[in-house]
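User: I'm new to reading protein models and would like to go through one with you. Can you show me the reasoning behind the labels?

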Amino acid sequence: MWQETGQIFNSPSAWATHCKKLVNPAKKSGCGWASVKYKGQKLDKYKATWLRLHQLHTPATAADESPASEGEEEELLMEEEEEDVLAGVSAEDKSRRPPGKNPSEPAHPEATTPGKRVDSKIRVPVRYCMLGSRDSARNPHTLVEVTSFAAINKFQPFNVAVSSNVLFLLDFHSHLTRSEVVGYLGGRWDINSQMLTVLRAFPCRSRLGDAETAAAIEEEVYQSLFLRGLSLVGWYHSHPHSPALPSLQDIDAQMDYQLRLQGSSNGFQPCLALLCSPYYSGNPGPESKISPFWVMPPPEQRPSDYGIPMDVEMTYVQDSFLTNDILHEMMLLVEFYKGAPDLVRLQEPWSQEHTYLDKLKISLASRTPKDQSLCHVLEQVCGILKQGS
């Protein structure tokens, strides 16, 4: 536990990496066990001693497995992948900072080199029924399959309509970087028709350690919502190379968001989460997978269980044209990620048939407005991205 903040870390690596990123976000991360000392000796020395003692009395196959806590292999692999990547906001921050009065960027780096496929090894989804009660040793990045309302004999408690411009901007944002991205959703809630209409996406453009920029972006989001007469109705984030399924951490964050957006009033107001998976190798084609989900509280008789991630059906509403707001946000995102080490290099091959730029265009094509005359603007933006990379 970090005594100053009360924050809990599941391993020395998680704590040490968090501290490094706070001090210098651009610093390459390494093994946390070798970065922490106890009584003048690095923790990796204690770990090596423990392993030697236990392996003397344990069969080789069991010895290889027993010292590793659940998720430790994933943690070590993620540390290796982060060597060349500029970090975003930590996973701990994502679960601790729901979009209340002051939204902030819950971006967690899930970066790999372009084209590298590691998801099948480190992020295999589990079924909700296999989770059981909460376990502090369970990896918070464990992905969970969503459940349909029909499967539990319930009706979806609200209707959802999402603008094509929302998905267009969200998808564009998710394609730009090998790290997770995050943003907020603006719209309206009609209590009479029980309809949640998502009309606008607000990408977050800030990095860990840059509190001033993050605060400015947050204020900008709320000013934009106010000026447009919109309410905060949800959030989005990406799993760049993993399935578009929520993690245990995402489930807890979404449950917290739902409670906060509902506020102190007795009236029900939903909060929607959208997950985008642009580069997951299991996607059927170049188009990103964008999945909405909502969290149902655990049964009253099992309050220590995780919330249940529910699959949400939504209506897709095609806009007539790309607004100047959307184009402006795209340009701001281009400028923000230009030159960053986790920028996706669009000129490089994504597959044998397509470059990353081709893939981006194909994915956005399904989310374009009815008026195709502004597509040349997308070409210009992609050209700037290509130059910047």
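User: Which residue of strand 6 stands opposite G187?

Analyst: That's S231. Keep in mind that we're looking at a predicted model. Strand 4 and strand 6 (residues 231-238) pair in the antiparallel sense, over six bridges.

User: What makes strand 4 and strand 6 count as a pair?

Analyst: Pairing asks for at least two bridges, and here there are six, so the label fits. Strand 4 also pairs with strand 5 (residues 195-203), again in the antiparallel sense, over eight bridges. Look along that pairing and you'll find W189 opposite L196 and G183 opposite P203.

User: What joins strand 4 to strand 5?

Analyst: A turn of four residues, and the two strands form a hairpin. Q194 sits in that turn, with a phi near 55°, which is a positive value in a residue other than glycine.

User: Why is Q194 called partly exposed?

Analyst: Its relative accessibility is 28%. Buried needs a value under 20% and exposed a value over 50%, so Q194 falls in between and counts as partly exposed.

User: Where else is there a positive phi in a residue other than glycine?

Analyst: Try N153, with phi near 55°. You'll find N153 in the loop between helix 6 (119-122) and strand 3 (159-163). At 74% relative accessibility, N153 is over the 50% mark, so "exposed" is the right word.

User: Back to strand 4: how do you know that it is largely enclosed?

Analyst: Count the buried residues: seven of the nine in strand 4 (residues 182-190) are buried, so the rest of the structure largely encloses the strand. For the chain as a whole, 49% of the 389 residues count as buried.

User: What is the order of the strands in the open sheet?

Analyst: The eight strands run 9-8-7-6-4-5-3-10, and the pairing is mixed. The twist from one strand to the next averages 35°.

User: What makes strand 9 and strand 10 the edge strands?

Analyst: Strand 9 (308-311) and strand 10 (315-317) each pair on one side only.

User: Now the helices. Why are helix 7 and helix 10 called roughly parallel?

Analyst: The axes of helix 7 (residues 164-175) and helix 10 (residues 324-337) come within 10 Å and cross at roughly 10°. Angles under 35 degrees count as roughly parallel, so that's what these two helices are. Helix 7 brings N165, F168, L169, F172 and H173 to the contact, while helix 10 brings I326, E329, M330, L333, V334 and Y337. Sorted by class, that gives eight nonpolar, two polar and one charged residues.

User: How do you know whether E329 is buried or exposed?

Analyst: E329, which lies in helix 10, has a relative accessibility of 7%. That is under 20%, so E329 counts as buried. Leaving aside neighbours within four places in sequence, E329 is in contact with L169, R200, P203, R205 and E220.

User: Zooming out, how many helices and strands does the chain have?

Analyst: Twelve helices and ten strands. If you take contacts between residues at least 6 apart in sequence, 74% of them join residues at least 24 apart. As for the surface, the chain exposes about 18,600 Å², with carbon and sulfur atoms supplying 53% of it.

How values were computed
Residues are numbered from 1 along each chain as its sequence is written. This is a predicted model: local features need pLDDT of at least 70, side-chain atom pairs count only at pLDDT 80 or more; totals for chains, interfaces and linings use all residues. Side-chain values use heavy atoms; hydrogens and water are left out. Buried means under 20% relative accessible area, exposed over 50%, partly exposed in between (1.4 Å probe, protein chains only). Contact means heavy atoms within 4.5 Å. Accessible areas come from the Shrake-Rupley method with a 1.4 Å probe; for residues, only the protein chains shown count as cover. Axes are lines fitted to C-alpha atoms, for helices over the stretch in contact, and angles run from 0 to 180 degrees between N-to-C directions. Angles under 35 degrees count as roughly parallel, over 145 as roughly antiparallel, 65 to 115 as roughly perpendicular and the rest as oblique. Ala, Val, Leu, Ile, Met, Phe, Trp, Tyr, Cys and Pro count as nonpolar, Asp, Glu, Lys and Arg as charged, and the others, Gly among them, as polar.
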